[in-house]
Amino acid sequence: MRIIRSLAAVLAGLGFMAATATVGMLVASLALGRETPDVRLTPRAFSTFLFLNLVFCGIGGIFGGWLTARIGSSAPYAHAAALAALVALVSIDVAMAMPTPGQPGWYPSVLGIVAVTSVLLGGKLRAAASAPVINRV
């Protein structure tokens, strides 16, 4: 039963991260007037779009790590670290691939770094909040 809860915690965090990134990308697209895929963005708007994607990825990672640590309450930070390891594995594959045309070469790597560190931050926040009062800093 404990292993099922641990798997559910990691999958819930991953699903939340994916949903947040998807919704964030849609919001960024609509905010920049890119309702259809064939509309080209100006270089400044494209930079803003990439920045917003990084922000939403970070926010999703924080909440995904927090959710994972919340569900995996027996070892909150360990569960968030497991999610971060899974995200890192996926990010390595993405970072090693060729960037999407028009995308800067650094973007996939930075996206992976933001995702992993934000998951760890979210897990740490939840683990610190659930720690006994005597152990809090």
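Here are three short exercises on this predicted model, each with a worked solution.

**Exercise 1: the overall layout**

Work out how many helices and strands the chain has, and what box its C-alpha atoms fill.

*Solution.* Start by counting elements: you should get four helices and zero strands. Next, read along the sequence, and the pattern comes out as α-α-α-α. Finally, take the box along the principal axes: the C-alpha atoms fill roughly 55 × 25 × 25 Å.

**Exercise 2: how H1 sits against H2**

Find the angle and axis distance for H1 and H2, then decide whether the pair is roughly parallel or roughly antiparallel.

*Solution.* Two packed helices are described by the angle between their axes and by the distance between those axes. First, locate the pair: H1 covers residues 2–31 and H2 covers residues 43–71. Their axes are 8 Å apart, and the packing angle is about 160°. Now apply the cut-off: angles over 145 degrees count as roughly antiparallel, so H1 is roughly antiparallel to H2. Sorted by class, the contact of H1 with H2 has 14 nonpolar, nine polar and two charged residues. As for handedness, H1 passes H2 in a right-handed crossing.

**Exercise 3: a nonpolar patch on the surface**

Look at Leu11, Leu14, Leu86, Val90 and Val94, and figure out which element gives the most to the patch they form.

*Solution.* Begin with the area: together these five residues, Leu11, Leu14, Leu86, Val90 and Val94, have about 400 Å² of accessible area. Then ask which elements give two or more residues to the patch: H1 and H3 (76–96) do. Val94, for one, is found in H3. H3 gives the most, with three residues.

Methods
Residues are numbered from 1 along each chain as its sequence is written. This is a predicted model: local features need pLDDT of at least 70, side-chain atom pairs count only at pLDDT 80 or more; totals for chains, interfaces and linings use all residues. Side-chain values use heavy atoms; hydrogens and water are left out. Axes are lines fitted to C-alpha atoms, for helices over the stretch in contact, and angles run from 0 to 180 degrees between N-to-C directions. Angles under 35 degrees count as roughly parallel, over 145 as roughly antiparallel, 65 to 115 as roughly perpendicular and the rest as oblique. A crossing is left-handed if the near helix is turned anticlockwise from the far one by less than a right angle, and right-handed if clockwise. Ala, Val, Leu, Ile, Met, Phe, Trp, Tyr, Cys and Pro count as nonpolar, Asp, Glu, Lys and Arg as charged, and the others, Gly among them, as polar. Patches are made of residues with over 30% relative accessible area and no salt bridge: like charges are joined within 9 Å, nonpolar side chains (Val, Leu, Ile, Met, Phe, Trp, Tyr) within 5 Å. Accessible areas come from the Shrake-Rupley method with a 1.4 Å probe; for residues, only the protein chains shown count as cover. A salt bridge is a side-chain nitrogen of Lys or Arg within 4 Å of a carboxyl oxygen of Asp or Glu.
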